[in-house]
Amino acid sequence: MPEASEQTTDEAFMRLALAQARLGDRTPGAGEVGCVIVRDGCVVSEGHNEAEGTFDPTAHAEIVTLRGLGAQQRSLDFRGCTLYCTLQCCGMCTMACLWAKVSRIVYGASRDDVHSMYFEERHFNTTDFIRDAFKQDIEVVGGVLAAECADLYYRPGERPPEEDLQR
């Protein structure tokens, strides 16, 4: 469990990720997953899902935000950075964080908080894998503002419109 000041900080930065998610939700071709990367208490990159608008299946919010930071800093090494995302990272994004040497991942809603459409059915829960296999390399914290983050997505048991299921 994070200390009170760390929890307050995590919540503040998650609110910025929520703002990115809402921006993505309003942007044609974008998506409702938001992300910010923080180093030394400052946001150094921010983004939202852009996969549909760019026809790039890798343009998840985390990847977009990592790419932005890499281009800005001309580096692949993000030690000391915390990545905040409104939804639990998929396997691709989690592994990208490892390759980039991100120090912490903090997410809001977990795969259990949202409809299964947001995760590949055969999706391996990489959060557990990372916590076990890479615990010396990266810290993973889940559930920060989970209810508020989950409100952005369809919930388990809900019936999303067919067009949303086809995305």
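V140 sits in strand β5, which covers residues 139-141. This is a predicted model, so please read every value below in that light. With a relative accessibility of 13%, V140 falls under the 20% limit and therefore counts as buried. Its C-alpha atom is 10.0 Å from that of Q88, although the two positions lie 52 residues apart in the sense of sequence separation.

**The chain as a whole**

Stepping back from β5, we find seven helices and five strands in the protein chain. Read along the sequence, their order is α-β-β-α-α-β-α-β-α-β-α-α. Of the 167 residues in the chain, 46% are buried. Contacts that reach far along the sequence are well represented: among those with a separation of 6 or more, 62% join residues 24 or more positions apart. The accessible surface of the chain is about 9,000 Å², and carbon and sulfur atoms account for 51% of that area.

**The β1-β2 hairpin**

Strand β1 spans residues 34-39 and strand β2 spans residues 42-48; the two pair in the antiparallel sense over six bridges. One of the paired positions is V38, whose bridge partner in β2 is V43. Together β1 and β2 make a hairpin with two residues between the strands. D40 belongs to the turn and has a positive phi of about 50°. What is the accessibility class of D40, buried or exposed? Its relative accessibility is 72%, over the 50% limit, so D40 counts as exposed. D40 also offers a handy distance for orientation: its C-alpha lies 7.6 Å from that of C81, with the two residues 41 apart in sequence.

**Positive phi values outside the hairpin**

Two other residues are worth a look on a Ramachandran plot. F55 is not a glycine, yet its phi is positive, at about 55°. K101, also a residue other than glycine, has a positive phi near 65°. K101 follows α4. The table sets these two beside D40.

| Residue | Location | Phi | Relative accessibility |
|---|---|---|---|
| D40 | loop between β1 and β2 | about 50° | 72% |
| F55 | loop between α2 (51-54) and α3 | about 55° | 75% |
| K101 | loop between α4 and β4 | near 65° | 37% |

F55 counts as exposed because its relative accessibility of 75% is over 50%. K101, at 37%, is partly exposed because its value lies between the 20% and 50% limits.

**The largest nonpolar core**

Which residues touch the most other members of the largest nonpolar core? They are M14, L66, L83, Y84 and V102, in a core of 37 residues. The elements that give two or more residues to this core are α1 (4-26), β1, α3 (61-73), β3 (81-87), α4 (91-99), β4 (104-109) and α6 (146-150). Of these, β3 gives the most, with five residues.

V102 shows how such a core position is wired. Leaving out residues up to four places away in sequence, V102 touches L66, F78, C81, L83, C97, D137 and I138. Two of those partners, L66 and L83, are named above among the residues that touch the most other core members.

T86 lies in strand β3. At 0% relative accessibility it is under the 20% limit, so T86 counts as buried. Again leaving out residues up to four places away, T86 touches M14, A17, L18, A21, E32, V33, G34, G108, A109, C149, L152 and Y153.

**Helix α4 and the second largest pocket**

The buried residues of α4 are G91, C93, T94, C97 and L98. One of them, C97, is among the residues that V102 touches.

Helix α4 also helps to line a pocket. The second largest pocket has a volume of about 150 Å³. Which residues line the second largest pocket? The lining consists of I63, L66, R67, G70, A71, S75, L76, F78, A96, W99 and A100. Two elements, α3 and α4, give two or more residues to this lining. The largest share, five residues, comes from α3. L66 links this region to the core, as L66 lines the pocket and is also one of the residues that touch the most other core members. L66 and F78, both in the pocket lining, are also contacts of V102.

Terms used
Residues numbered from 1 in each chain as written. Predicted model: local features only at pLDDT ≥ 70, side-chain atom pairs only at ≥ 80, totals over all residues. Heavy atoms only, no water. Pairing = 2+ DSSP bridges. Helix = DSSP H or I, 4+ residues; strand = E, 2+ residues; numbered from the N terminus. Core = buried A, V, L, I, M, F, W, Y, C linked by side-chain atoms within 4.5 Å. Buried < 20%, exposed > 50% of the residue type's maximum accessible area, 1.4 Å probe, protein only. Contact = heavy atoms within 4.5 Å. Areas by Shrake-Rupley, 256 points an atom, 1.4 Å probe, with all protein chains shown as cover. 1 Å grid on protein atoms, 1.4 Å probe; cavity = no way out; pocket = protein on both sides within 12 Å on 5 of 7 lines; lining within 4 Å. Points joined across faces, edges and corners; volume = space filled by probe spheres on them.
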